[in-house]
Amino acid sequence: MSNYDFDSALRRRLGIIMESNATPTTSLNRLVQQKTVSTPSMTDYSSGNKGFDTFRKAISAQESGGNYNITNKTSGAMGKYQIMPANITASKGGWDYEALGYDITPQQFLSSPDLQEKIASFKLKQYYDKYGPAGAAVAWYAGPGAVAKSTNSTTPQGAYPSISAYKNSILRRMGM
């Protein structure tokens, strides 16, 4: 599995554009000719950030055991990362639109491991960068508003673990 560092690639591309004072299209053509433009393979979702990649894998292991095809019968959460349908179905406001620039249906989401990875990685990276691994685990499980209140909080969801228990499980999976 190769590592693809999106941030470095973008900086390289922007540097060439700024350096040459060329139009983006001209610069993109130059990059293609220099073979510096590449895309990750459909199965390589590594960000090049070992901490984030470990976190992302811990979330998927906790949520579904890595199963792209699973749907929670109680909550409706979908796929490998157990994303709630409301985060996909909001017109031009859901995580799908944020990550992809267009809306998709829950059926499209469930039938595409690639879409699941792109959307989940996008949102998880936002949370990870903003809150660190512990806070990002809380934000993923209970929403960003729960991060400030989650030190030892519980949730009244019955069969589901408390926020604190979920966070601690993710951190253990990460080796922390």
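User: What makes the crossing of α7 and α8 right-handed?

Analyst: This is a predicted model. In it, α7 passes α8 in a right-handed crossing. The term applies because the near helix is turned clockwise from the far one by less than a right angle.

User: Why are α7 and α8 called oblique to each other?

Analyst: Start with the angle. The axes of α7 (residues 113-142) and α8 (residues 163-173) cross at roughly 130 degrees. Roughly perpendicular covers 65 to 115, and roughly antiparallel needs over 145. The pair fits neither range, so α7 and α8 are oblique. As for distance, the two axes come within 9 Å.

User: Which residues make the contact between α7 and α8?

Analyst: From α7 come Pro 133, Ala 134, Ala 137, Val 138, Trp 140, Tyr 141 and Ala 142. From α8 come Ile 163, Tyr 166, Lys 167, Ile 170 and Leu 171.

User: How do the residues of that contact divide into nonpolar, polar and charged?

Analyst: There are 11 nonpolar residues, no polar ones and one charged. Lys counts as charged, and Lys 167 of α8 is part of the contact.

User: Why is Gln 82 called buried?

Analyst: Its relative accessible area is 11%. Buried means under 20%, so Gln 82 qualifies as buried. The residue sits in the loop between α3 (50-64) and α4 (86-89).

User: What is notable about phi of Gln 82?

Analyst: Phi of Gln 82 is near 55 degrees, a positive value in a residue other than glycine. Most residues other than glycine have a negative phi.

User: Lys 92 has a positive phi too. Is Lys 92 buried or exposed, and how do you know?

Analyst: Lys 92 has 60% relative accessibility. Exposed means over 50%, so Lys 92 counts as exposed. Lys 92 lies in the loop between α4 and α5 (95-100), and its phi is near 50 degrees.

User: How many helices and strands does the protein have?

Analyst: Eight helices and zero strands. From the N terminus on, the elements run α-α-α-α-α-α-α-α.

User: What share of the residues counts as buried?

Analyst: Of the 176 residues, 36% are buried. The protein exposes about 10,000 Å². Carbon and sulfur atoms supply 54% of that area.

User: What share of the contacts joins residues at least 24 apart?

Analyst: The share is 47%, taken among contacts between residues at least 6 apart in sequence.

Definitions and conventions:
Residues are numbered from 1 along each chain as its sequence is written. This is a predicted model: local features need pLDDT of at least 70, side-chain atom pairs count only at pLDDT 80 or more; totals for chains, interfaces and linings use all residues. Side-chain values use heavy atoms; hydrogens and water are left out. Helices (H or I, at least four residues) and strands (E, at least two) are DSSP runs, numbered from the N terminus. Buried means under 20% relative accessible area, exposed over 50%, partly exposed in between (1.4 Å probe, protein chains only). Contact means heavy atoms within 4.5 Å. Accessible areas come from the Shrake-Rupley method with a 1.4 Å probe; for residues, only the protein chains shown count as cover. Axes are lines fitted to C-alpha atoms, for helices over the stretch in contact, and angles run from 0 to 180 degrees between N-to-C directions. Angles under 35 degrees count as roughly parallel, over 145 as roughly antiparallel, 65 to 115 as roughly perpendicular and the rest as oblique.
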